[in-house]
Amino acid sequence: MADTDTRIQPRKKGLTRRQRRRLSRGAQYVVFVAAVLAFAFSADWGRLKNQFAQLPIAEQMFPDIITLALKNTVLYTLSGFVVGLVLGIVVALMRLSSVGPYRWLAGIYIEIFRGLPALLIFIFVGVGVPLAFPDVQYPGGTYGKVAVALGLVSAAYMAETIRAGIQAVPKGQMEAARSLGFSPARAMISIVIPQAFRIILPPLTNELVLLFKDSSLVLFLGVTLEERELSKFGNDLASTTANSTPILVAGLCYLLVTIPLGFVVRRMESKAQEAIR
């Protein structure tokens with residue numbers, strides 16, 4: 001009889017999977033809100049405002065921070081991106097070449113320039129090359145130096161991206177072009193590479209965002225007042241005013257460019273995924 005009673009007693013049920021997910025999500029929200037409140041109540045907002053949010057100092061930066069610093073930053077970034085893109089295409093094609101020395105040189109370049117910090121590349125371009133070749137002059141002065149330095153930094157990454165994009169194009173495209181009488185070079189330039197760029201456009205745009213931030217290393221090349229970019233401009237004014245407000249304003253100017261570019265990258269990635277589906 002006792003055995004019968006224990007059998008008919010209802011078993012205690014644990015939490016369902018959905019309930020456990022809700023409980024976990026609720027706990028995460030609680031931790032997040034607690035962390036935000038702890039930061040809000042423990043921070044000394046008065047000292048932060050005095051050091052980073054002085055409106056009179058911020059007003060002194062305009063319009064030069066836009067018409068000079070931001071303009072130079074954009075020019076440095078675009079010039080470096082163009083150099084890196086051209087060099088990246090060349091290195092990617094060398095990487096895919098059937099000629100062994102070309103593949104080896106491309107592989108060595110990619111490994112070296114992906115492994116070195118960008119700062120060392122800037123020092124090499126700004127100091128090492130003029131010492132080794134005194135008669136060599138960069139076209140455009142500082143703008144040329146920055147274009148070469150940023151181009152060398154980005155080309156190693158772009159080369160691998162472009163190579164992956166070329167290999168993602170179906171081989172039938174090349175075979176069809178060859179059957180129509182295209183030479184291998186013409187088929188690659190006219191048929192394969194344009195299709196590859198449709199595939200790699202999002203990561204290339206992301207590389208543009210990274211280059212925009214790497215342009216802050218220009219200050220190590222020694223620039224004039226008219227050649228300053230955002231970081232140098234903000235740092236100089238911060239030293240003059242003994243206040244960090246210019247650095248914060250310069251950072252906000254970076255965000256004015258990087259946030260829209262990031263949105264563009266996400267839109268292109270979502271469209272690419274929709275096209276695949």
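I112 is found in helix α6. This residue is partly exposed, with a relative accessible area of 43%. I112 also belongs to a nonpolar surface patch of about 1000 Å². The model described here is predicted. The points below cover the surface, the core, the salt bridges and the backbone.

**Nonpolar surface patch**

- The patch is made by W104, I108, I112, L116, L119, L120, I123, V127, L131, L219 and F220.
- Two elements, α6 and α7, each give two or more residues to the nonpolar patch.
- Which element gives the most to the nonpolar patch? Helix α7 does, with 5 residues.
- I112 can join because a patch residue must have over 30% relative accessible area, and I112 has 43%.

**Positive surface patch**

- A second patch on the surface carries positive charge. R17, R18, R20, R21, R22 and R25 gather there.
- R22, one of these residues, lies in helix α2, which covers residues 17-42.
- Is R22 buried or exposed? R22 counts as exposed, because its relative accessibility is 54% and the cut-off for exposed is over 50%.

**Nonpolar core**

- The largest nonpolar core has 39 residues.
- Within this core, Y109, F122, M158, I162 and I166 touch the most other members.
- The elements that give two or more residues to the core are α5 (64-95), α6, α7 (118-132), α8 and α10 (184-214).
- Helix α8 provides the largest share of this core, 11 residues.
- Helices α6 and α7 therefore appear on two lists: they each give two or more residues to the core, and they do so for the nonpolar surface patch as well, where members need over 30% relative accessible area.

**Salt bridges**

- How many salt bridges does a search of the whole structure find? The search finds 5.
- In one of them, the side chains of R114 and E111 meet at 3.6 Å, N to O.
- R114 and E111 both lie in helix α6 (residues 100-115). They are 3 residues apart, about one turn of the helix.
- R114 is partly exposed, with a relative accessible area of 33%. E111 also counts as partly exposed, at 49% relative accessibility.
- R163 forms a salt bridge with E160. Their closest N and O atoms are 3.1 Å apart.
- Why are R163 and E160 separated by about one helical turn? They are 3 residues apart in helix α8 (residues 142-168), so about one turn lies between them.
- E160 is buried, with a relative accessible area of 15%. The cut-off for buried is under 20%.
- R163 and E160 are also part of a network of salt bridges that links R95, E160 and R163.
- K232 and D236 form another salt bridge, with 3.4 Å from N to O.
- Both K232 and D236 lie in helix α11 (residues 230-241). They are 4 residues apart, about one turn of the helix.
- K232 counts as partly exposed, at 22% relative accessibility.

**Backbone features**

- Most residues other than glycine have a negative phi, and most peptide bonds are trans. Two places in this model depart from that pattern.
- A cis peptide bond joins F62 and P63, with omega at about 5°.
- Where is P63? P63 sits in the loop between α4 (55-60) and α5.
- A242 is not a glycine, yet its phi is positive, near 55°.
- A242 is found in the loop between α11 and α12 (245-276).
- A242 is exposed, with a relative accessible area of 64%.

**Buried residues and distances**

- I65 lies in helix α5. I65 is buried, with a relative accessible area of 0%.
- I65 and A147 are 82 residues apart in sequence. In space, their C-alpha atoms are 21 Å apart.
- E229 lies in the loop between α10 and α11. E229 is buried, with a relative accessible area of 1%.
- E229 and N243 are 14 residues apart along the chain. Their C-alpha atoms are separated by 19 Å.

How values were computed: Residues are numbered from 1 along each chain as its sequence is written. This is a predicted model: local features need pLDDT of at least 70, side-chain atom pairs count only at pLDDT 80 or more; totals for chains, interfaces and linings use all residues. Side-chain values use heavy atoms; hydrogens and water are left out. Patches are made of residues with over 30% relative accessible area and no salt bridge: like charges are joined within 9 Å, nonpolar side chains (Val, Leu, Ile, Met, Phe, Trp, Tyr) within 5 Å. Accessible areas come from the Shrake-Rupley method with a 1.4 Å probe; for residues, only the protein chains shown count as cover. A salt bridge is a side-chain nitrogen of Lys or Arg within 4 Å of a carboxyl oxygen of Asp or Glu. Lys and Arg count as positive and Asp and Glu as negative; His and the chain ends are not counted. The place of a charge is taken as NZ of Lys, CZ of Arg, CG of Asp or CD of Glu. Buried means under 20% relative accessible area, exposed over 50%, partly exposed in between (1.4 Å probe, protein chains only). A nonpolar core is a set of buried Ala, Val, Leu, Ile, Met, Phe, Trp, Tyr and Cys residues joined through side-chain atoms within 4.5 Å.
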